[in-house]
Structure formats: C-alpha cells, structure tokens
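Here is a short walk through one structure. Look at the chains first, then read on.

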Amino acid sequence: METKLARIAQVAKERPKEQFTSLAHLINVEMLLECHYELSGNKAAGIDRVTKAEYEKNLLENIIVLHGSLRKMTYRPQAVRRVYIPKPGSDKGRPLGILAYEDKIVQLAVSKILTAIYEQDFLDSSYGFRPGRSCHGALRKLNNIIMTGKTNWIVDADVSGFFDHVDHGWMMKCLEVRIKDPKLLRIIKRMLKAGIMEDGEYKLSEEGTPQGGVASPILANIYLHYILDLWFERIVKKQCKGSAHIVRYADDFVCCFQYEHEAKRFYYELIKRLEKFNLNIAPEKSKIIEFGLFAARNVKKRGENKPETFDFLGFTHYCGVSQNGKFRVKRKTSRKKYQGALYRMKQWIKANRTTPVSILLEQIKPKLVGYYRYYGITDNGPMIHRYWYEVTKLLFKWINRRSQRNSYTWEKFLLLLKVKPLPKPKIYFSILSA
DNA sequence: TCAACGCGGCC
RNA sequence: GUUGGCCGCGUUGA
C-alpha cells in the first residue's frame, strides 16, 4: 500500500500537471484494514455509537461490506455527531463533528491519497497539518523573513470560522485541478454533505468540513492552497514593487511587506478574495502594523513609544533589541495562552489535590517538560520561568488545603522540592540557525 | 527496529 | 461528556 501511495506521490511530483483519473481503486480491503489499525481505539463513538473495539468484533466482514459499498458507490457516510467543547473565550463553545467509526476509516484512506498528491504541490509557506512541519518551523521561517528581508509592515489576519465556511462547490473545484477520478470525487462530496446530528435533529451540512473529520485538515490545506497561497505567490507578489512574504499555519497567517501602501492594498484585496470563496476575515483579530527594523525608529519619531505587536502560534511577536543593540524580533508567550495554560494546570491540581504529594509531583513533571518544549524558545526564558514559579505556588496552595496533618509550611515545601525537584525551565528550541 | 500507552503544543 | 491532523517528548514492552 505504502508503495502505491509513494508511486502516486512520485508521479505527482514529477508531473505537476498530471491529473489522476484512477484513484478510488486504491481504497481496497488491504488499505481499509491498514487504516483501521492506525486509528486510535479510545475515542468517542459517532452517531451509531460503534467503537473501534465493537467494529473489530467482525472486522473482516465489516471491512468487506464497507469495501463493497464503496465499489458500488452505495456508500453514504453517516451524519456527524455534534458536540460543543468549551472555549475559554465564548460560552457557546467550539462545534465538533464526531464521525462514525467506519467513516473515519474511509476518511483516513481518502486523506492518505490526497496527501500523497497534494504534499507535492503545497508551497513552502504552508506549515499547518503537514507531515514533517511544525509550529516551530513556521516561527523560524517568519523570523528569517523579518530579519533578512525588508519587512516594515505586517498584516496579521484571522479567518473567522474557517472550517465551518469552506464552500463545497469551490472545494470540489479545487480537488478537480488534480483529481479526475469521479468515484473519489463523489466519495469526498458525500463526506462533505453527510449532515449533522444535533440533539436528535438532523441538519444538512451545506457548507463547511467537520471539525473532527479525519480528512478535514488536508481538505483545509487544499482549499487555502488555491485560495490563498497560490494567489499570494503568483498575483500578490507580482503586483508588489517591494518584498512580500506569507507564512500560513492552517487558517492563521502572517504577511510581511516592505511598503505600507502595498500592505494596505493587500489587506483590501484579501478581504475581497476571501469573500469570493465564502470566507471572512475577523476584523477584531486582524490588523496591519508597522513592524521591523525601521519600525522602532519611525514610531519614536512620531512620538509614540513602542511598535505594535502581533500574535502568531501562541507567541506575541515584538520588536526587540539584541545584545549589541541591533534590532531583533523577539517573542514571548501570548497573554491569552499563558493564562489558559495556568488555568488548566490549576484545575488539574485542584482535581488531584487528594493524591499523595510525591505522586502529584511525578505527574506534574511531564506536563511541565511538555510545556517547556513548546514555549521554551529563544528569548522566552522569562515567561517559562514565570510559569514554573506560578505552578510551584499553585502546588503549595492546594497541597495545604488538605487535612491539617498533611500540611506543609512554605519552608518545608521548598525542602521537599529540593529532594524531588520539578523540571527547571529550559530553552529547547532556537529560532535562529538554519 | 517496532508496537502499546501517556504528556505538552498549534489550529 | 471532548474530535481531527500535525509537531515534540516520555514510559513500558517485545
């Protein structure tokens, strides 16, 4: 199976214009089985309440029937189960669409095929949801653009409710650029049209791709590849006299311009462009700011104190100064993410306050290290140190709310931490280099 | 080298 | 009750 997909990928790479007319046959029993084994078992069940364990009881038979329905094109995905997960900001929460288990298998197979083809087409500026690419990579790339290019203006844009507003017609048009297999196209179209079940009521899904759908990430990337990335590369850059760059992570992106008027014109064109494809910029989460080597100087000349900042991938980017007094982009954990992480930690400690202290400390270790591994990047030392300090205080506070005989004084608590220390804050990732 | 499980992060 | 893709790390097995 791997070899067949590798072959498709190779063809896609060698012939960027190639249109694939025969792909659906790749979804055979073997591939469906493989996808089944790849899927995680301890996940919430879809509308039919079938879990992986249950599906497995008659695995071969189930897969063979599924394969038959795909071949005869009688396959119809079930509606996704609507669940709202709480979001720090709003009270309605984030809408998820949980697929039926069997539909996850099909979507995984489809996403593998799409990935094999489209990974070859995607531009270097696209970072989200892609194998071998990470947030840190996107941050480093953005840093290089600002430090080595001629960036003076930043357009920071946020697409509101991207997944919910992907247009099905345009989505299919995007896919048809490369994919000419009507069977595969129909399967994908049915996935998009599967509908939503929300407290007993069936709703049509006339736009959007389910947040929680296995294939949604790759579909999102394909959509924005054509709507945004290629447009920027081929049209926007050509129209600009100065430099223009984009770094995109899923639906979140930052654009860098040399000239103010080109940044402003782009922002205006961007809104029109996205509108055409049923997408909207969230104005309150988007902005154009002066940023870069000359920003600090110009801002001062105008009598303001500091250049504005922007957030990207959990970090607030600001104009800083290096040791030798030169301009440097710096980043620190954004206020929102910092507070969110601390809040979650507090909730966890609260919920586990009755477990023995030594075990509690053991359980916090991997949490802290995981946190440092993301936020421990160049120039963010103070913020992760602050996090470590706040967590320590939180621990002391909640340990002390137990019964009297188990309580600690602050001194005794520090002594305990000497014997069983929490992992120290550490910079794991350098934004500079390569 | 490969599984299984867990933790952290982004959108 | 809580999904998905990706990234990173850890533990345990063989």
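The text below goes from the nucleic acid strands to the empty spaces.

This is a predicted model, in which local features need pLDDT of at least 70 and side-chain atom pairs count only at pLDDT 80 or more, while totals for chains, interfaces and linings use all residues. Residues are numbered from 1 along each chain as its sequence is written, chains are lettered from A and ligands numbered from 1 in the order in which they are written, and side-chain values use heavy atoms, with hydrogens and water left out.

Start with DNA strand B. Around this strand are 15 residues, and Tyr249, Asp251, Lys337, Arg344 and Tyr375 come nearest. A residue counts as near a molecule or strand if one of its heavy atoms lies within 4 Å of it. Which parts of the strand face the protein? Sugar and phosphate make up 94% of the atoms of DNA strand B that come within 4 Å of the protein.

Three side chains have polar contacts with phosphate oxygens here. A polar contact is a pair of N or O atoms within 3.5 Å; within protein, one must be able to donate a hydrogen and the other to accept it, and residues adjacent in sequence count only if both atoms are side-chain atoms. Lys337 places a polar side-chain atom 2.8 Å from a phosphate oxygen of DNA strand B. For Arg344, the distance from a side-chain N or O atom to a phosphate oxygen is 3.1 Å. Lys367 also has a polar side-chain atom 3.1 Å from a phosphate oxygen of the strand.

Two helices stand out on this surface. α13 (335-351) and α14 (357-375) each supply at least two residues. α14 gives the most, with 5 residues. Helices (H or I, at least four residues) and strands (E, at least two) are DSSP runs, numbered from the N terminus. By class, the surface near DNA strand B has 7 nonpolar, 3 polar and 5 charged residues. Ala, Val, Leu, Ile, Met, Phe, Trp, Tyr, Cys and Pro count as nonpolar, Asp, Glu, Lys and Arg as charged, and the others, Gly among them, as polar.

Now turn to RNA strand C. Of the 21 residues around it, Arg81, Gly132, Arg133, Gly212 and Gly213 come nearest. Sugar and phosphate account for 72% of the RNA strand C atoms within 4 Å of the protein. Backbone atoms take part here. A backbone N or O atom of Gly132 lies 2.9 Å from a phosphate oxygen of RNA strand C. For Ala44, the matching distance from a backbone N or O atom is 3.5 Å. A polar backbone atom of Gly213 is 2.9 Å from a sugar or linking oxygen of RNA strand C. The elements that give two or more residues to this surface are β1 (80-85) and β2 (94-98). The surface near RNA strand C holds 10 nonpolar, 5 polar and 6 charged residues.

Last come the empty spaces. On a 1 Å grid over the protein atoms alone, a cavity is a set of points where a 1.4 Å probe fits but cannot get out; lining residues have an atom within 4 Å of a point. The whole structure has 3 cavities of 30 Å³ or more. The largest cavity has a volume of about 60 Å³, where a volume is the space filled by probe spheres set on the points, and grid points are joined across faces, edges and corners. Its lining includes Tyr75, Leu99 and Met191.

Methods: On a 1 Å grid over the protein atoms alone, a cavity is a set of points where a 1.4 Å probe fits but cannot get out, and a pocket is an open set with protein on both sides within 12 Å along at least five of seven lines; lining residues have an atom within 4 Å of a point.
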